[in-house]
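Dear colleague,

Please find below the structure that I would like to hand over to you. My notes on what was found in it follow, so that you can read them with the structure open.

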Amino acid sequence: MTHAQTLLPAPVVSLASGGSLDPDLVGPYLEIEVPASAALVPFAPCILRTEGRTLQGAEVEWEYQDQLSEENAGDSLWFYCTKDLVESLRSGSATFSYTIASPDDSDVPAQSASLVLVIGEFVAPEPLPPPEVGDLVTGIVDSTLPRLLVTVPASEASLAAAMVTLTLRTDTPAFLAELSHVLDISPPAAAKDITQETKRIAAALKPLPFVLRGYPAGHDDQEVDASYEIVSPDGATTLSSASAIFRIGTPLGLEEPLIEEAVGDVLTVDSFTGDAHIATKPSERVKAGQVYWAYVASEGDGEPVLYPVKLDAQVTQAEADRGLRIPIPRELLDLLPAGSTLRVQIAINLNGTDDPFDTVDFPEKTYTIAAADKVSWDLEDLEFLEIPPIHVGETMSFPLMDIVFVAANISPASNRVAVEKFAYSSPGFYSGVVFYIGAPTGTATDNVVRIDFKRRWAKVRFGVTSVDAPLLLTWHSASGQTVKQTIPGGSPTAGHEAKCEMEDIDSVVIEAKDGIRLDCFEFQA
């Protein structure tokens with residue numbers, strides 16, 4: 001018979017998915033299928049084995065024998081394992097296999113392939129720390145060096161007799177690949193290759209150095225991704241490391257670009273108005289007439305999003321003397337969610353051409369985007385901006401809020417929301433430049449305006465003026481709660497305080513029978 005020499009198909013556990021089995025999905029019994037095969041004939045003894053290991057390392061074994069009857073010839077054979085056995089392996093693993101002997105026991109039993117399952121939610125192990133690359137200068141290894149030194153750091157996986165494989169992969173530098181998509185042109189083909197070296201660990205818990213002679217010169221101007229794997233001494237476990245990414249080229253001493261408005265590595269985008277600015281220090285390598293490219297990449301839960309902020313820009317003499325200063329538009333900053341990161345990259349062509357693929361990179365700098373706990377906004381910041389007034393149905397947009405002109409119940413053609421100067425002031429309430437809501441003459445006014453805040457706040461206040469008629473404000477939260485406030489009528493130069501404390505304030509509706517002015521906004525999370 002031939003079935004004794006054939007590796008039979010592995011058993012099937014229909015509740016398993018992606019190499020794991022959730023014990024909470026198992027009823028009183030777990031169904032395990034031995035698939036139909038040429039070896040599975042009536043009266044052929046089939047032994048199913050389950051071997052497992054609990055989270056604490058204890059071994060668990062279970063086996064059961066059954067056979068097909070004549071009326072079930074050609075069918076699969078089913079086994080039923082108790083839920084208690086599955087539960088005992090929670091957070092551990094189990095291996096399922098079986099053997100089938102011939103009905104007359106005249107042949108060697110046929111063995112199946114094994115099915116290995118994690119019992120419970122599979123949690124991937126944390127990657128090992130990245131390898132350490134020697135002779136790095138601002139992320140670059142000098143291509144003239146005779147060798148490349150890469151060290152695998154000591155970790156709990158650094159066991160004596162374990163095998164370590166170091167892998168170096170080269171490709172087109174990421175910046176050039178991303179830039180090629182922006183410019184819609186193909187980068188020059190990079191020499192893609194993989195270099196690997198394997199060593200056995202002699203002494204446990206010690207760093208393991210690799211010396212690759214002649215490597216730098218053979219990979220000039222390439223980006224290298226270095227990582228490693230450690231296979232345990234018994235061969236049962238393989239752990240992979242995080243990557244160390246670096247360039248091979250000529251270190252130029254360029255310093256990393258900084259965002260002027262950041263504090264350390266944190267950029268709080270709503271703590272200032274207007275654009276942010278990337279700044280570099282002057283360098284003897286950077287000269288007037290050279291061409292550079294700059295972008296920022298936002299990285300959150302999804303794929304990084306590339307935002308070019310300068311393309312084909314020529315270095316001016318002032319920039320050569322004092323360093324580059326590149327604005328990041330406010331419109332872009334307002335798109336960045338708190339908790340995401342913003343990576344800054346600049347590439348410059350030092351050869352006097354505009355070829356984006358003949359460039360060197362400034363060191364990258366990454367910032368964490370944060371939201372301020374408390375923000376103050378005075379309309380004085382808008383003094384030098386030309387902002388046209390809006391009428392019914394239109395919206396005026398700012399970094400912290402949108403002002404929506406909902407209704408003008410009297411003379412809609414003449415009523416408006418405008419940014420204008422006001423000759424009077426009331427410290428803490430209004431001064432200089434204000435929002436004016438009403439008709440130019442201050443009469444024939446009955447307006448409804450909504451202010452939508454672009455963040456949810458716990459406290460909001462601003463200064464407001466009112467005249468003869470009281471002013472009604474209705475504050476709204478994201479959960480549907482409302483709070484009403486009435487500002488009394490009075491002198492058009494008297495300042496009043498509009499304020500609310502409520503969880504997740506997201507808007508306020510203002511109903512004004514007279515012309516009013518708003519200024520001096522404060523927000524607190």
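A residue is called buried when its relative accessible area is under 20%, exposed when that value is over 50%, and partly exposed in between. Please keep in mind that this is a predicted model.

**A residue in a loop**

Is Ala101 buried or exposed? Its relative accessibility is 8%, which is under 20%, so Ala101 counts as buried. The residue belongs to the loop that runs between β6 (93–100) and β7 (110–111). Leaving aside residues up to four places away in sequence, Ala101 touches Ala44, Pro45 and Pro109. Another pair to look at is Ala101 and Ala39: the two are 62 residues apart in sequence, while their C-alpha atoms are 8.0 Å apart in space.

**The cysteines**

A disulfide is a covalent bond between the sulfur atoms of two cysteines. How many disulfides does the structure hold? The number is zero. Why does Cys500 form no such bond? The closest cysteine sulfur to that of Cys500 is in Cys520, and the distance is 19 Å, which is too far for a bond. For a disulfide, the two sulfur atoms would have to be within 2.5 Å. Looking from the other side, the closest cysteine sulfur to that of Cys520 is the one in Cys500, again at 19 Å and too far for a bond.

Both residues fall under the 20% limit: Cys500 is buried at 5% relative accessibility, and Cys520 is buried with a relative accessible area of 12%. Cys520 is part of strand β37 (residues 516–524). The backbone of Cys520 also deserves attention, since its phi is near 55 degrees, a positive value in a residue other than glycine.**Another positive phi value**

Asp504 has a phi near 60 degrees, which is again a positive value in a residue other than glycine. Asp504 lies in strand β36 (residues 496–512). With a relative accessibility of 29%, Asp504 counts as partly exposed.

**A sheet of three strands**

In which order do the strands of the open sheet follow each other? The order of the three strands is β19-β21-β24, and their pairing is antiparallel. The edge strands are β19 (258–259) and β24 (325–328), each of which pairs on one side only. Between β19 and β21 (residues 276–279), which run antiparallel, there are two bridges. If you wish to find a bridge in the model, start at Leu258: its bridge partner in β21 is Ala279.

**A nonpolar patch on the surface**

Which residues form the nonpolar patch on the surface? They are Tyr29, Trp78 and Tyr80, and together they have about 360 Å² of accessible area. Of these, Tyr80 can be found in strand β5 (residues 77–82). Tyr80 has a relative accessible area of 45% and is partly exposed.

**Salt bridges**

How many salt bridges does a search of the whole structure find? The search finds 19. One of them joins Lys365 and Asp265, with the closest N and O atoms 2.5 Å apart. Lys365 lies in strand β27 (residues 365–370) and Asp265 in the loop between β19 and β20 (266–268), so this pair ties together parts that are 100 residues apart in sequence. The two partners fall into separate classes of accessibility: Lys365 is buried, at 11%, whereas Asp265 is partly exposed, at 42%.

Another salt bridge is formed by the side chains of Arg450 and Asp452, with 2.8 Å from N to O. Arg450 is partly exposed at 29% relative accessibility, and Asp452 is partly exposed at 22%.

The side chains of Glu497 and Lys499 also meet in a salt bridge, with an N to O distance of 3.6 Å. Glu497 is partly exposed, and its relative accessible area is 31%. In addition, Asp24, Lys83, Glu87 and Arg90 are joined into one network by salt bridges that share partners.

With kind regards

Technical notes: Residues are numbered from 1 along each chain as its sequence is written. This is a predicted model: local features need pLDDT of at least 70, side-chain atom pairs count only at pLDDT 80 or more; totals for chains, interfaces and linings use all residues. Side-chain values use heavy atoms; hydrogens and water are left out. Helices (H or I, at least four residues) and strands (E, at least two) are DSSP runs, numbered from the N terminus. Buried means under 20% relative accessible area, exposed over 50%, partly exposed in between (1.4 Å probe, protein chains only). Contact means heavy atoms within 4.5 Å. Two strands pair if DSSP finds at least two bridges between them. Patches are made of residues with over 30% relative accessible area and no salt bridge: like charges are joined within 9 Å, nonpolar side chains (Val, Leu, Ile, Met, Phe, Trp, Tyr) within 5 Å. Accessible areas come from the Shrake-Rupley method with a 1.4 Å probe; for residues, only the protein chains shown count as cover. A salt bridge is a side-chain nitrogen of Lys or Arg within 4 Å of a carboxyl oxygen of Asp or Glu.
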